[in-house]
Amino acid sequence: HLESLINSDFPFGEEVFTAACDTGEETAAGPGADSGNSEPATAAEKAESEGAPRKQSTASNAEPPAAAAAAAGATAEGAPDDGMDTSSESGDYAAEAAMEEDAEETEKEAATSSSSASRRRRSLVVKPAWRAGAQAASELLLRRKLGQAKEGEKAELLLRQIRFSQDSIRGTFRDQRHLKQMRQELATGSKTVTQIPRISAVVHEGIVYSADNRRLWTFKHCGMPPHTRIPVIVGKKDDHFARKLTTPSGGKTLQKRGGQGFD
């Protein structure tokens, strides 16, 4: 067909053939080819004319590769890693569990200490009536033992049980030592009651008296507690004891003869 066109006498045949070869399609040209009612020569040109703006708009809406990479990096940096998030959450749970265990242990220790303290307080609290009754019973037993003991036997009494037999005493012993010397030795602990010779004790009308009034005075004025046990020896209730029994207060008080040797 092309050869017939070229060989024909149709004007501009060669030029039309060359244009057709360039575009790859046959083209019919005629006297009205340049009129304004003609459409684009090929579908490719129409597609190109219609698709060019769409491609441009699509490209304008698409992000550049560099910007997309930066956004992806920012997203990767901002998004927490699943492994790290899990470890932090597990660490928080472990810390909370440890704190709860510490709190429970503290509460248990506080409860134990409070209960032990309450037990100690209960064990130390003794009613005055009970204390007085116990002391009275102990005094009674010691006094009975003393009354049943024979002369010269050793016994023990509470300091508060023993009373003075005389109404007054001097401030020196027979060897001229002052009473204050023994008093200071007992107060400082350089000497104890067991290192001092036993004092005599006699039961008279239900009351325990001692004929050794000066030693008894040092015991009662050196800071010794009244419930201290004092070693005694059973005395003889004879005329010598009767002559010394001059106390007007039942042995509760004693006067000082002279002012030397006491303080």
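This report describes the overall make-up, two helices, the main nonpolar core and one aromatic pair of a predicted model.

Residues are numbered from 1 along each chain as its sequence is written, and side-chain values rest on heavy atoms, with hydrogens and water left out. Because the model is predicted, local features need pLDDT of at least 70 and side-chain atom pairs count only at pLDDT 80 or more, while totals for chains, interfaces and linings use all residues.

**Overall make-up**

The protein chain holds 9 helices and 7 strands, where helices (H or I, at least four residues) and strands (E, at least two) are DSSP runs numbered from the N terminus. Of its 263 residues, 22% are buried, a term that means under 20% relative accessible area, with exposed meaning over 50% and partly exposed lying in between (1.4 Å probe, protein chains only). The accessible surface of the chain, from the Shrake-Rupley method with a 1.4 Å probe, comes to about 19000 Å², and 53% of this belongs to carbon and sulfur atoms. Among contacts (heavy atoms within 4.5 Å) between residues at least 6 apart in sequence, 75% join residues at least 24 apart.

**Helices α6 and α7**

Helix α6 (residues 128-148) has 21 residues and reaches 30 Å from its first C-alpha to its last, close to the 30 Å expected at 1.5 Å a residue, the expected span being 1.5 Å times one less than the number of residues. The buried residues of α6 cover an arc of only 70° around the axis, which puts them on the same side of the helix; the arc is that of the directions from the helix axis to the C-beta atoms. These buried residues pack against β1 (154-158), β4 (199-204), β5 (207-210) and β6 (229-234).

In α7 (residues 179-188), the buried residues fall within an arc of 130° as seen down the axis, so they line one face of the helix. What covers them includes β3 (168-170) and α8, and α7 is followed by Gly189, whose phi is positive, near 85°.

| Helix | Buried residues | Exposed residues on the other side |
|---|---|---|
| α6 | Glu139, Leu142, Leu146 | Ala129, Trp130, Leu141, Lys145, Gly147, Gln148 |
| α7 | Leu179, Met182, Glu185, Leu186 | Gln184, Ala187, Thr188 |

Within α7, Met182 counts as buried because its relative accessibility is 5%. Leaving aside residues up to four places away in sequence, Met182 touches Phe173, Arg177, Ile196, Arg215 and Thr218. Met182 and Cys222 are 40 residues apart in sequence, and their C-alpha atoms are 8.8 Å apart in space.

**The nonpolar core**

A nonpolar core is a set of buried Ala, Val, Leu, Ile, Met, Phe, Trp, Tyr and Cys residues joined through side-chain atoms within 4.5 Å. The largest one here has 28 residues, and those with the most contacts inside it are Leu157, Phe219, Ile230 and Val232. At least two residues of this core come from each of α6, β1, β2 (162-164), α7, β4, α8 and β6. Residues up to four places away in sequence not being counted, Val232 touches residues including Leu157, Ile162, Ile199 and Ala201.

**The aromatic pair**

Rings of Phe, Tyr and Trp (its six-membered ring) pair if their centres lie within 6.5 Å, and planes under 30 degrees apart count as stacked, over 60 as edge-to-face and the rest as tilted. By this rule the count comes to 1 aromatic pair. The ring centres of Trp217 and Phe262 are 5.4 Å apart and their planes stand at 80°, so the pair is edge-to-face. Trp217 lies in helix α8 (residues 213-220) and Phe262 in the segment after β7 (255-257), so the pair ties together parts that are 45 residues apart in sequence. Both Trp217 and Phe262 are buried.
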